[in-house]
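Me: I'd like to go through this structure and keep asking where the labels come from. Can you give me the rule each time, and then the value?

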Amino acid sequence: WQVTLADARATGTVNWNGTRYDFVDAPFYAEKNWGGAFPSKWYWVQCNAFDGYDRLSVTAGGGTRKIPLGQTESLGMVSISCDGVFYEAVPWTGSMEWDVDCWGKWILNGRCTSGKRLFEAEVRATCNQPGVTLRAPTQNDGLAYFCRDSFLADTTLSLWALRWDDDTKDYVRVDGPPIIDCATSKQGGVEVGGGPWWDTWKATSNMKQP
């Protein structure tokens with residue numbers, strides 16, 4: 001999974017069902033998925049059209065993937081671009097937790113506790129629309145209807161700087177206003193795929209060491 005453009009602007013034309021749509025400097029996102037199949041189960045949230053922000057984008061996702069020796073691991077990440085500054089919470093620099101419904105709710109929390117830029121990010125998305133079922137590459141069945149998407153999710157993003165606290169022996173939020181205080185959008189992209197999705201998926205990234 002390679003995000004190539006998270007906070008771009010695009011100008012052009014789309015023809016859909018006989019209707020022409022022209023757009024100028026519209027928020028634009030692009031990604032490339034490598035390999036023969038998607039993870040066995042995954043979730044995804046993306047938004048780059050926040051109210052009152054010109055240059056703010058969040059891309060978050062995770063899933064269960066195969067690793068050598070017949071094992072699997074479940075991982076997640078949150079990345080934010082804000083006014084040219086990049087924030088990335090990944091398993092090897094901090095922690096990532098998620099609480100994702102079969103459809104309709106995504107709550108993702110990532111913390112970066114290693115490096116020069118220490119932070120905590122929270123993404124919340126809800127979608128009351130049914131979404132669209134899409135085909136995705138699978139290991140045994142080729143392209144199959146294997147995921148559901150929508151770009152009409154109510155999305156909220158918050159970002160806090162962190163500092164080490166000697167009393168609690170943990171990283172805590174810096175006093176004062178957050179870096180991003182509940183930025184909102186009604187144009188969030190959301191997705192769930194694979195499965196089984198019998199119930200809410202709550203988990204923490206667990207990257208297995210060789």
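Reply: Sure, let's start with strands: helices (H or I, at least four residues) and strands (E, at least two) are DSSP runs, numbered from the N terminus. Val24 lies in one of these, strand β2, which covers residues 19-32. Keep in mind that this is a predicted model, where local features need pLDDT of at least 70, side-chain atom pairs count only at pLDDT 80 or more, and totals for chains, interfaces and linings use all residues. Residues are numbered from 1 along each chain as its sequence is written, and side-chain values use heavy atoms, with hydrogens and water left out.

Me: Why is Val24 called exposed?

Reply: The labels go by relative accessible area: buried is under 20%, exposed is over 50%, and partly exposed is in between (1.4 Å probe, protein chains only). Val24 comes out at 63%, so it counts as exposed.

Me: What does Val24 touch, leaving aside its neighbours within four places in sequence?

Reply: Val24 is in contact (heavy atoms within 4.5 Å) with Ala10 and Thr11. As for Ala8, its C-alpha is 12 Å from that of Val24, and the two are 16 residues apart in sequence.

Me: Now Ser150. Is it buried or exposed, and how do you know?

Reply: Ser150 has 7% relative accessibility, so it gets the label buried. You'll find Ser150 in strand β11, residues 142-165. Not counting residues up to four places away in sequence, Ser150 touches several others, among them Trp103, Cys127 and Gln129.

Me: What makes the link between Ser150 and Leu152 a polar contact?

Reply: The rule asks for a pair of N or O atoms within 3.5 Å; within protein, one must be able to donate a hydrogen and the other to accept it, and residues adjacent in sequence count only if both atoms are side-chain atoms. The side chain of Ser150 reaches the backbone nitrogen of Leu152 at 3.1 Å.

Me: And Ser185, what polar contacts does its side chain make?

Reply: The Ser185 side chain reaches the backbone oxygen of Ala49 at 2.8 Å. A polar atom of that side chain also lies 3.0 Å from the backbone nitrogen of Gln187. Ser185 sits in strand β13 (residues 180-194), and at 3% relative accessibility it counts as buried. Its contacts, skipping residues up to four places away, include Cys47, Phe50 and Asp154.

Me: How do you know how many disulfides there are?

Reply: You look for pairs of cysteine sulfur atoms within 2.5 Å. Searching the whole structure turns up 0. Take Cys47: the nearest cysteine sulfur, that of Cys127, is 12 Å away, and Cys47 is in no disulfide. Cys182 is in no disulfide either, with the nearest cysteine sulfur, that of Cys47, 14 Å away. As for cover, Cys47 has a relative accessible area of 1%, so it is buried, while Cys182 is partly exposed at 43%.

Me: What makes Asp22 and Arg20 a salt bridge?

Reply: Side chains of opposite charge can pair when their charged atoms come close. The cut-off is a side-chain nitrogen of Lys or Arg within 4 Å of a carboxyl oxygen of Asp or Glu. The closest N and O atoms of Asp22 and Arg20 are 2.9 Å apart, and the pair forms a salt bridge. Both residues are exposed.

Me: How many salt bridges are there in the whole structure?

Reply: The search finds 11. One of them joins Lys105 and Asp99, at 3.2 Å from N to O. Lys105 is partly exposed at 23%, whereas Asp99, at 16%, is buried.

Me: Why does the pair Arg111 and Asp170 count as linking distant parts of the chain?

Reply: Their side chains meet in a salt bridge at 3.9 Å, N to O. Arg111 is in strand β8 (residues 105-112) and Asp170 is in strand β12 (residues 170-173), 59 residues apart. Arg111 has a relative accessible area of 17%, so it is buried, and Asp170 counts as partly exposed at 34%.

Me: Which residues are linked in a network of salt bridges?

Reply: Asp7, Arg9 and Arg55 are the ones joined up that way.
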